[in-house]
Amino acid sequence: MSSRHAITPRGLNATRSSLSQGRFGRMFRNLTPAKFGPNDADNIGNLAALADNMVGDFDPPKDSPDAEESGIPALYTYFGQFIDHDITFDPVSLLTKQQDPDGLVDFRTPALDLDNLYGRGPGDQPYMYDNSGKFLLGDPLTGTGVSNANDLPRFKGRALIGDPRNDENSIVSQFQGLMLRFHNRMVDDNDTLSFQDVQQRVRFHYQYVVLNDFLPRIVHDSVLSQLRTGGRYDRSRLAYYHWKTFPFMPVEFSVAAYRLGHSMIRPGYRLNDADNMLLQIFPDPNNPDTNALTGFRSMGPGRAIDWGRFIDIDKRAYGVDGDNTSTDNKRRLQFAYRIDTSLVDPLRKLPPEVASNPASLALRNLERSWRLGLPSGQAVARAMHLTPLTDEQIIIGRAVDTPEAGDPQVAIASIANGVFKDNCPLWTYILAEARQFQTAVTIPVTGTAVTVNTPQLGPVGGRIVAEVFLGMMFGDSSSLLSLDPNWAPVTGPDFELKDLVAYALGQGGPLH
């Protein structure tokens, strides 16, 4: 998601200050930019036709299982957004700049260092902290069946946090609150450590989850295995992401591959047990809903999140398809939608609360990539010595197991008079590639085991995402991979996002 709120955070430590303003660049500098028409108007018109096909029909939020669900719990969508806000920030719209990514400045450090959480630190932003080095929390939140929840600290409704973008929707906002609490509990459990040492522990746990939980959920194992030696990630295996002094932010990653999360968004989410807490992600322009999940405001009464609906901190029943009265459905774990070439209808027109230009998110992504001169997906595949997907394999539509009537599956070559034949925009190509790399995921539910076919990023998209994450960590002298690549949490090597959430909620033993 885009944001209109500019910040320019500095690194917290001397070793980070040199990274505080990175640059965008290219991984595949010698490839020809893809074009989709003879002039600007034709390019935009053809991309608009593709974008229109990439957005599904209106599908209201529901509690029951859904054919578009993956085997990935819904919180990973917003954890991915949180990570994005940690590593990238460009306060000027890319569409207003020259078509040269080397001229773009990234005001977010290109490192997984949680500067979106810590900001400039207690010395420079003391209003975020108390005297013990803990984060200040906001007002208590209420929610049916939920206790011990807080809003973010606010002034006149605006969150006082390291990155204002982490208040742009209710879910990432409350996850930011969990990260504040994770740090605070780490302070309590390690009261003899300095602020910097606690901060390093928090970063290590976060980076461990990114490497060992988040990446394996979104990237196919056949891709990740090529980046390991003896079971460990190996810097020498990075084939496409290289830098001279400090890591840069590749546009192939930031405006194409890492926009996978847009296809994972559901049309809405249930926050807790209350009947009115199944909420759309955006207000309905024809029937405005003040309870939509848009952010940049106080959370309001009744909006505390029951995290068991977003991540498997406990096991719940899978639910029954089509039963809108089932208590199991109302309390079930919600799953992210599948990584595919279909976005939910609310993303067809972004509301003014999210974007100053209320256009289709799909069109914004496609136009941004074209204006920045990204090559086609097929060109990138060939540069990686891969056999590109055929046009017949690039299907625009939901990657459900059994498409039904009214669920179009459109061959890309049939759109815009064939302009996309062997010429697929990189973002769309990466999403289509995931359909060819599905993994059967057994999901955490009570009762009979349930297995869900789950598309994952393949050899083009997955390799770009994984190499950038690994490269940023190898390029950061303070990261887990640089300081202690064999490190694991004291609870063991199976530490996952659910364990991070549970710890923040006060569950389980201490972390050191």
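How many cavities of 30 Å³ or more does the structure hold? There are 2. Keep in mind that this is a predicted model.

**Empty space**

Let's start with the second largest cavity, which has a volume of about 40 Å³. Its walls come from Ala 34, Phe 36, Ser 369, Trp 370, Leu 374, Pro 375, Pro 425 and Leu 426. By class, that lining splits into 7 nonpolar residues and 1 polar one, with no charged residues.

Then there's the second largest pocket, with about 560 Å³ of space. Here 30 residues make up the lining, and Gly 56, Asp 57, Arg 398, Gly 406 and Asp 407 are the ones nearest the centre. Charged residues number 12 in this lining, alongside 12 nonpolar and 6 polar.

Here are the two side by side:

| Space | Volume | Nonpolar | Polar | Charged |
|---|---|---|---|---|
| Second largest cavity | about 40 Å³ | 7 residues | 1 residue | no residues |
| Second largest pocket | about 560 Å³ | 12 residues | 6 residues | 12 residues |

**A helix pair**

Trp 370, one of the residues lining that cavity, turns up again in a helix contact. Helix H2 (residues 40-53) packs against helix H10 (residues 361-371) at an angle of about 140°, and their axes are 9 Å apart. The crossing of H2 past H10 is right-handed. On the H2 side, the contact involves Asp 40, Asn 43, Ile 44, Leu 47, Ala 48, Leu 50 and Ala 51. H10 brings Ala 362, Leu 363, Leu 366, Glu 367, Trp 370 and Arg 371. Sort the residues of this contact by class and you get 9 nonpolar, 3 charged and 1 polar.

**Aromatic pairs**

What about the rings? The structure holds 23 aromatic pairs. One of them joins Phe 253 and Phe 469 edge-to-face, at 5.8 Å centre to centre with 80° between the planes. This pair links distant parts of the chain: Phe 253 sits in helix H8 (residues 251-254) and Phe 469 in helix H13 (residues 461-474), 216 residues apart.

Key
Residues numbered from 1 in each chain as written. Predicted model: local features only at pLDDT ≥ 70, side-chain atom pairs only at ≥ 80, totals over all residues. Heavy atoms only, no water. 1 Å grid on protein atoms, 1.4 Å probe; cavity = no way out; pocket = protein on both sides within 12 Å on 5 of 7 lines; lining within 4 Å. Points joined across faces, edges and corners; volume = space filled by probe spheres on them. Nonpolar A, V, L, I, M, F, W, Y, C, P; charged D, E, K, R; others polar. Axes fitted to C-alpha atoms, helices over the stretch in contact; angles between N-to-C directions. Helix = DSSP H or I, 4+ residues; strand = E, 2+ residues; numbered from the N terminus. Left-handed = near helix turned anticlockwise from the far one by under 90°. Contact = heavy atoms within 4.5 Å. Phe/Tyr/Trp six-rings, centres within 6.5 Å; stacked < 30°, edge-to-face > 60°.
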